[in-house]
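Here are some short exercises on charged side chains, each with a worked solution. Have the structure open and work along.

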Amino acid sequence: VVFDANPSSVDAAVALGAEKADSVAEVCAKECSTIVTMLPASKQVEEVYLDSKNGLLENANPDTLFIDCTTMDPSVAVSVSLACSERGHTMVDAPVSGGVGGAEAATLSFMVGGSSEGFGRSKEILTQMGKNIVHCGDAGKGQVAKICNNLVLAITMIGLNEGYNLALTHGMDPSTIANIFNSSSAQCWSSGYVGVPGTKDYDKGFQVALMAKDLGLAMKAAEEAGVQLPLGSGACEMYEEMKGDPTVALKDFSYVLEHLKGMNK
């Protein structure tokens, strides 16, 4: 059973055999024992789960397993998980990494926060979508792992493209410098993802706006913990600046190369 605010996403799932629901409440009415959610941010998670009339908790069947794959504030994951427990349900936060390609190939990584029982129940479902399912600890720890992962990802993506920008500005062949990076100590996930600089399709992939959101979550978590993020704060500032341009916000986050080129004197 599928419901989404985007009709085209629903149509795609229905074409693969899913049954359409017209609301969150209708998903529950289909007697689903497990419900997987993936939403834009913390606000939408609270609305979908906690709405007193149409929310999941108001309409769910007894002992429902909720698997939420949103990347959100860890404190919201904890509070919503507690609300689920109080209603007799089980919830795990299971943010995901691996991108569109990983989703299509069912090779995603899931970072799971919740009880051991909840992890065990959810793993059976998550292994249908991914190959690396990790129990990170209790509620909210999946979110901590995800925002730390994306913090590192943003920093390495910027560092990689600073190197590319400098090399290309000095006239190096893009393929040559890419081969060097991918066979030397600069090799990283980002270097494999970008490939040869300038050949990436920026209209597909993990959006600038989503990376800016995740970095904002990392900065909030760091402030709450009294942790300094000197490189992270610079990365957050750069992606926030990019997000401010509506023509860039929906581009793949590797578009930072073009942003850096625009900063050249």
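**Exercise 1.** Is Asp-203 buried or exposed, and which residue is its salt-bridge partner?

*Solution.* Keep in mind that this is a predicted model. Start with accessibility: Asp-203 has a relative value of 57%. The cut-off for exposed is over 50%, so Asp-203 counts as exposed. Next, look for the partner: Asp-203 pairs with Lys-251, with 2.9 Å between the closest N and O atoms. Finally, place both residues. Asp-203 sits in the loop between α10 (189-194) and α11 (208-225), and Lys-251 in the loop between α12 (230-243) and α13 (256-262), so this pair ties together parts that are 48 residues apart in sequence.

**Exercise 2.** Where do Glu-224 and Lys-220 lie with respect to each other?

*Solution.* First find the contact: their side chains form a salt bridge at 2.5 Å, N to O. Then count along helix α11: the two residues are four apart, or about one helical turn. As for accessibility, Glu-224 is exposed at 56%, while Lys-220 is partly exposed at 33%.

**Exercise 3.** Which helix holds both Lys-243 and Glu-240?

*Solution.* Both belong to helix α12, three residues apart, which is about one turn. Their closest N and O atoms are 3.4 Å apart, and the pair forms a salt bridge. Lys-243 is partly exposed at 34%, and Glu-240 is partly exposed at 33%. Elsewhere, Glu-19, Glu-26 and Lys-30 are joined into one network by salt bridges that share partners.

**Exercise 4.** How many salt bridges does the model contain?

*Solution.* Apply the N-to-O cut-off of within 4 Å; the count comes to 12.

Definitions and conventions. Residues numbered from 1 in each chain as written. Predicted model: local features only at pLDDT ≥ 70, side-chain atom pairs only at ≥ 80, totals over all residues. Heavy atoms only, no water. Buried < 20%, exposed > 50% of the residue type's maximum accessible area, 1.4 Å probe, protein only.
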